[in-house]
Amino acid sequence: MADISSDSDALSGGDTVDALKWFSKKSDADSKNPAEETDSLPVSKQADSDPYRYKMDYPSIGSCLIINNKNFHRSTGMGSRNGTDVDAAAVVKTFSGLGYKVRVANDQTVRQMKELMLSVSQEDHRKSASFVCVLLSHGDEGVIFGTDGMEHFETLTQPFKGDHCKSLVGKPKLFFIQACRGTALDGGTIETDSDKESVSEKIPVEADFLYAYSTAPGYYSWRNTSNGSWFIQSLCETLKDHSKKLELMQIMTRVNHKVARCFESSSSTPGFSGKKQIPCIVSMLTKDFYFAG
């Protein structure tokens, strides 16, 4: 259970996976390349009173926290996540451009990640329309790695739930996760022919979250060591092209399309070439979300 990257990946710009450590002792991954495409759809401006659209008329669109874990303690058996800095830079540029106040935390231990998430959740978000968190690390199903070990994803997000983070209640909390969720490989297949807001209204503590995972449960997540991960690069490109016109779930559907159709692994590791990937979007959002307001 390990990362499939190596020193040669960094030099060759190969595709690798954000995985656990069992496979790393067997071989190295080495490969190529992403692609890109765009399309767009105009969207009409809706009235501020629309009960099915998140309010955006706050002083700030919100803050964006990026946790970028690249280098891991030897005890974890994890290799360096070459290419993740390309992802982090793209996320900074993209969400800064959308108006978010962005902060980046590099190479965080499990304790540092938990303390940082708690600290951010305890900030005053009353003047913010939303919150974004981007996690770039190794992972497995249900867990994310700090530089010194793993933590349950649910533990990291718990401080932002409605019963803990009052200033974000009723507002979208968007989590984008670039990490493996298991060790399965997708070989692909051939294609044949969200009410009026009120302070007295009770809202589920799990409401208004979106978790956008880079891959489906149980699968590896691919990252090119020169160009960044398939998912994050597709996310940033699609947001750049469509954030002023499309609703978030339309955007994420286009991200799914780009990752599914435009990427395929090319690897010198036996059994790791010609593999595909599909992101997985889990939404508890209760309204439509438009970055442009």
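**Entry 1: two helices side by side**

I started with helix H2 and helix H5, and I found that H2 passes H5 in a left-handed crossing. I kept in mind that this is a predicted model. For a packed pair, I want the angle between the axes and the distance between them. Here the axes of H2 (residues 84-97) and H5 (residues 230-242) come within 9 Å and cross at roughly 20°. Since angles under 35 degrees count as roughly parallel, I noted H2 as roughly parallel to H5.

Next I looked up who touches whom. From H2, I listed Val 86, Asp 87, Ala 90, Val 91, Thr 94 and Phe 95; across from them in H5 I found Ile 232, Gln 233, Cys 236 and Leu 239. I sorted the residues of this contact into 7 nonpolar, 2 polar and 1 charged.

**Entry 2: cysteines**

Cys 236 from that contact made me check for disulfides, and the structure holds 0. Why is Cys 236 not bonded to Cys 64? The closest cysteine sulfur to that of Cys 236 is the one in Cys 64, and at 9.3 Å it is too far for a bond, as a disulfide needs sulfurs within 2.5 Å. I also looked at burial: Cys 236 is buried, with a relative accessible area of 6%, and Cys 165 is buried too, at 1%.

**Entry 3: Met 249**

My last stop was Met 249, which I located in helix H6 (residues 248-262). Buried or exposed? I noted Met 249 as partly exposed, with a relative accessible area of 30%. Beyond its neighbours within four places in sequence, Met 249 is in contact with Leu 210, Ile 281 and Ser 283. I followed up on Ser 283: it sits 34 residues from Met 249 along the chain, yet their C-alpha atoms are separated by 8.8 Å.

Terms used
Residues are numbered from 1 along each chain as its sequence is written. This is a predicted model: local features need pLDDT of at least 70, side-chain atom pairs count only at pLDDT 80 or more; totals for chains, interfaces and linings use all residues. Side-chain values use heavy atoms; hydrogens and water are left out. Axes are lines fitted to C-alpha atoms, for helices over the stretch in contact, and angles run from 0 to 180 degrees between N-to-C directions. Helices (H or I, at least four residues) and strands (E, at least two) are DSSP runs, numbered from the N terminus. Angles under 35 degrees count as roughly parallel, over 145 as roughly antiparallel, 65 to 115 as roughly perpendicular and the rest as oblique. A crossing is left-handed if the near helix is turned anticlockwise from the far one by less than a right angle, and right-handed if clockwise. Contact means heavy atoms within 4.5 Å. Ala, Val, Leu, Ile, Met, Phe, Trp, Tyr, Cys and Pro count as nonpolar, Asp, Glu, Lys and Arg as charged, and the others, Gly among them, as polar. Buried means under 20% relative accessible area, exposed over 50%, partly exposed in between (1.4 Å probe, protein chains only).
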